[in-house]
Amino acid sequence: MKILAVSDTHGKNTGLKRLIERVRPFDMFIFCGDGEGLEQEIRDLIGPGTELHMVRGNNDYFSDLPRDEEFMIGPYKAFLTHGHMYGVNTSLRRLSEEAADRGCRLAFFGHTHRPLIEETDGVVCLNPGSLSYPRQFDRRPSFLLIELDREGQLHYHQGYTED
């Protein structure tokens, strides 16, 4: 199983379109919020037949997307949120506690615009960064690719676009 995770496109889907063309096919798409009204466009880009998980971010003012979501990736329960309600700018503790309280081993989030793969208190916290407004040192637009292999092991790859 191949999973593409992105976040914080902020109404600019050009980089997302190119990324989807580049990494397709994938079985699941995870969007960690702040699409700024382009949720339907994102759904259309993904198309039918791909499992889709999306939440609203702090800039998705009129979105009817959920604030949080739980779902399964093979045998792993995942928690998805934008992150702003859990103080992710300063610490991953509240996020990892919430995920663990829900029985989740994975916690996907955005908001910081900085890519991250870090285990915190037994929860793997995953932030794809931002495709439109990256904030890490090198300022490269980023995403996550996750693969679930035949043995049920997850493999994480932090990817960057040429944009």
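Is E98 buried, exposed or partly exposed, and what is the relative accessibility of this residue? In the predicted model, E98 has a relative accessibility of 23% and therefore counts as partly exposed.

The side chain of E98 takes part in a salt bridge with R102, with an N to O distance of 2.7 Å. R102 is likewise engaged by E70, and in this salt bridge the closest N and O atoms are 2.7 Å apart. Because E70 belongs to strand β4 (residues 68-73) whereas R102 sits in the loop between α3 (93-101) and β6 (106-108), the pair ties together parts of the chain that are 32 residues apart in sequence. The relative accessible area is 33% for E70, which is partly exposed, and 23% for R102, which is also partly exposed. These three residues, E70, E98 and R102, belong to a network of salt bridges in which R67, D68 and K77 are linked as well.

A further salt bridge is formed between R105 and E119, for which the closest N and O atoms are 4.0 Å apart. This pair links distant parts of the chain, since R105 is located in the loop between α3 and β6 and E119 in strand β7 (residues 116-120), with their positions 14 residues apart in sequence. R105, at 34% relative accessibility, counts as partly exposed.

In total, the structure holds nine salt bridges, among them the E70–R102, E98–R102 and R105–E119 pairs described here.

Technical notes:
Residues are numbered from 1 along each chain as its sequence is written. This is a predicted model: local features need pLDDT of at least 70, side-chain atom pairs count only at pLDDT 80 or more; totals for chains, interfaces and linings use all residues. Side-chain values use heavy atoms; hydrogens and water are left out. Helices (H or I, at least four residues) and strands (E, at least two) are DSSP runs, numbered from the N terminus. Buried means under 20% relative accessible area, exposed over 50%, partly exposed in between (1.4 Å probe, protein chains only).
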